[in-house]
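Dear colleague,

Please find below the structure that I am handing over to you. My findings follow it, and I would be grateful if you could read them with the structure open.

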Amino acid sequence: MQKQSFITSPFFSLTLVSLVGGLIWRAEVEYHGWEGLIWIGYFHYAIPLAYGLFILWANIFLQITIKKRVLLNIAPIIFGVIIYLLLKLWLVYRYSSGMTGLLMEVLSPRWKLILIRYSIFIIIPLIPIGTFFILKMFKIKIPLKTLVISIICFIISIPLSIALLELVNHKGGSDFIHAIKSGFLIPLWAFSIGILIDGHVRTTKKDEVRA
């Protein structure tokens with residue numbers, strides 16, 4: 001069997017793309033200032049940059065028509081915007097303090113606060129599941145077991161990134177919000193989603209061998 005190069009191997013190139021995405025995020029956080037919750041208040045240009053890089057990587061390994069490719073690139077952008085807005089809403093309601101937090105507590109109905117604060121348990125698995133169904137919508141073969149692996153990796157990424165923060169004694173502490181803020185979680189999540197594309201490539205190659 002011919003050995004794959006770094007560029008032609010989805011696994012290794014995905015690792016690079018994931019790490020670059022995390023570094024771009026961290027660089028922007030440091031640029032604006034690390035202290036407090038400043039990073040929640042502004043739009044992160046690292047998001048479209050890293051997301052665009054990931055989509056570009058995925059396009060390299062998807063063998064589809066130009067028409068499907070255009071539509072397939074639009075769909076994850078729309079999905080990504082929805083996920084971004086949901087996560088942004090969750091972060092604001094979950095971690096806002098001071099007068100902003102107090103106003104939310106007073107003015108928002110109790111059911112709304114509970115719904116938003118616990119929505120993270122839906123949002124997290126929705127990311128790999130939504131990506132899977134977008135790909136399936138365009139007839140891209142991905143084994144169901146690959147989806148399961150992706151979801152498991154996506155969820156495990158949270159305690160793993162927190163453990164890494166603890167291991168290096170990272171500034172700010174080791175918890176979920178610092179896992180996001182530090183950028184430690186970004187590469188792990190990107191890699192977990194990329195597993196779906198890797199599964200597609202492996203399935204396609206198996207089909208070619210059988211043919």
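The notes below move from the overall fold to the core and then to individual side chains.

Please bear in mind that this is a predicted model.

**Overall fold**

The protein chain holds 10 helices and 0 strands, and from the N terminus on its elements run α-α-α-α-α-α-α-α-α-α. Of its 211 residues, 41% are buried. Among contacts with a separation of 6 or more, 68% are between residues 24 or more positions apart. The protein chain exposes about 12,500 Å², of which carbon and sulfur atoms supply 74%.

**The nonpolar core**

In soluble globular proteins, nonpolar side chains tend to be buried together. In this model the largest nonpolar core has 47 residues. Within that core, the residues with the most contacts are Trp-39, Trp-57, Leu-72, Leu-135, Ile-140 and Phe-176. Two or more residues each are given to this core by H1, helix H2 (38-41), helix H3 (46-61), helix H4 (66-95), helix H7 (120-137), H8, H9 and H10.

Trp-39 deserves a closer look. With neighbours within four places in sequence left aside, Trp-39 is in contact with Trp-25, Val-29, His-44, Leu-91, Ile-177, Ile-180 and Lys-181. Lys-181 has a further partner: its charged end sits over the ring of Trp-34, 4.2 Å from the ring centre. A second charge over a ring is found at Arg-94, which lies over the face of Tyr-95 at 4.8 Å from the ring centre.

**Aromatic pairs**

The count of aromatic pairs, with ring centres within 6.5 Å, comes to 12. One of these pairs is Phe-11 with Phe-12: the ring centres are 5.4 Å apart and the planes stand at 90 degrees, so the pair is edge-to-face. Phe-11 also pairs with Phe-191, with centres 5.4 Å apart and planes at 85 degrees, so this pair is edge-to-face as well. The Phe-11 and Phe-191 pair links distant parts of the chain, as Phe-11 is in helix H1 (residues 10-32) and Phe-191 is in helix H10 (residues 185-210), 180 residues apart. Together, Phe-11, Phe-12 and Phe-191 form one aromatic cluster.

How buried or exposed are Phe-11, Phe-12 and Phe-191? Phe-11 is partly exposed at 38% relative accessibility, Phe-12 is partly exposed at 47%, and Phe-191 is partly exposed at 22%.

Helix H1 also contains Pro-10. Its relative accessible area is 4%, so Pro-10 is buried. The C-alpha atom of Pro-10 is separated by 8.4 Å from that of Trp-57, although the two residues are 47 apart along the chain.

**Two buried histidines**

His-200 is found in helix H10. This residue has 9% relative accessibility, which means that His-200 counts as buried. What does the side chain of His-200 have at 3.1 Å from one of its polar atoms? The backbone oxygen of Lys-141 lies at that distance. Not counting residues up to four places away in sequence, His-200 touches Phe-61, Leu-62, Ile-140, Lys-141 and Ile-142. Ile-140, from this list, is also among the residues with the most contacts inside the largest nonpolar core.

His-170 is located in the loop between helix H8 (144-167) and helix H9 (176-181). Its relative accessible area is 12%, and His-170 is therefore buried. With residues up to four places away in sequence not counted, His-170 touches Arg-26, Trp-34, Leu-165, Ser-182 and Phe-184. Trp-34, one of these contacts, carries the ring over which the charged end of Lys-181 sits.

**Positive phi angles**

Two residues that are not glycine have a positive phi. Lys-139 has a phi of about 60 degrees and lies in the loop between H7 and H8. At 68% relative accessibility, Lys-139 is exposed. For Asn-169, phi is near 55 degrees. Asn-169 lies in the loop between H8 and H9, and at 67% relative accessibility this residue is exposed. The buried His-170 is found in that loop too.

With kind regards

Note on methods: Residues numbered from 1 in each chain as written. Predicted model: local features only at pLDDT ≥ 70, side-chain atom pairs only at ≥ 80, totals over all residues. Heavy atoms only, no water. Phe/Tyr/Trp six-rings, centres within 6.5 Å; stacked < 30°, edge-to-face > 60°. Buried < 20%, exposed > 50% of the residue type's maximum accessible area, 1.4 Å probe, protein only. Helix = DSSP H or I, 4+ residues; strand = E, 2+ residues; numbered from the N terminus. Lys NZ or Arg CZ within 6 Å of the ring centre and 35° of its normal. Polar contact = N/O pair within 3.5 Å; in protein donor to acceptor, adjacent residues only side chain to side chain. Contact = heavy atoms within 4.5 Å. Core = buried A, V, L, I, M, F, W, Y, C linked by side-chain atoms within 4.5 Å. Areas by Shrake-Rupley, 256 points an atom, 1.4 Å probe, with all protein chains shown as cover.
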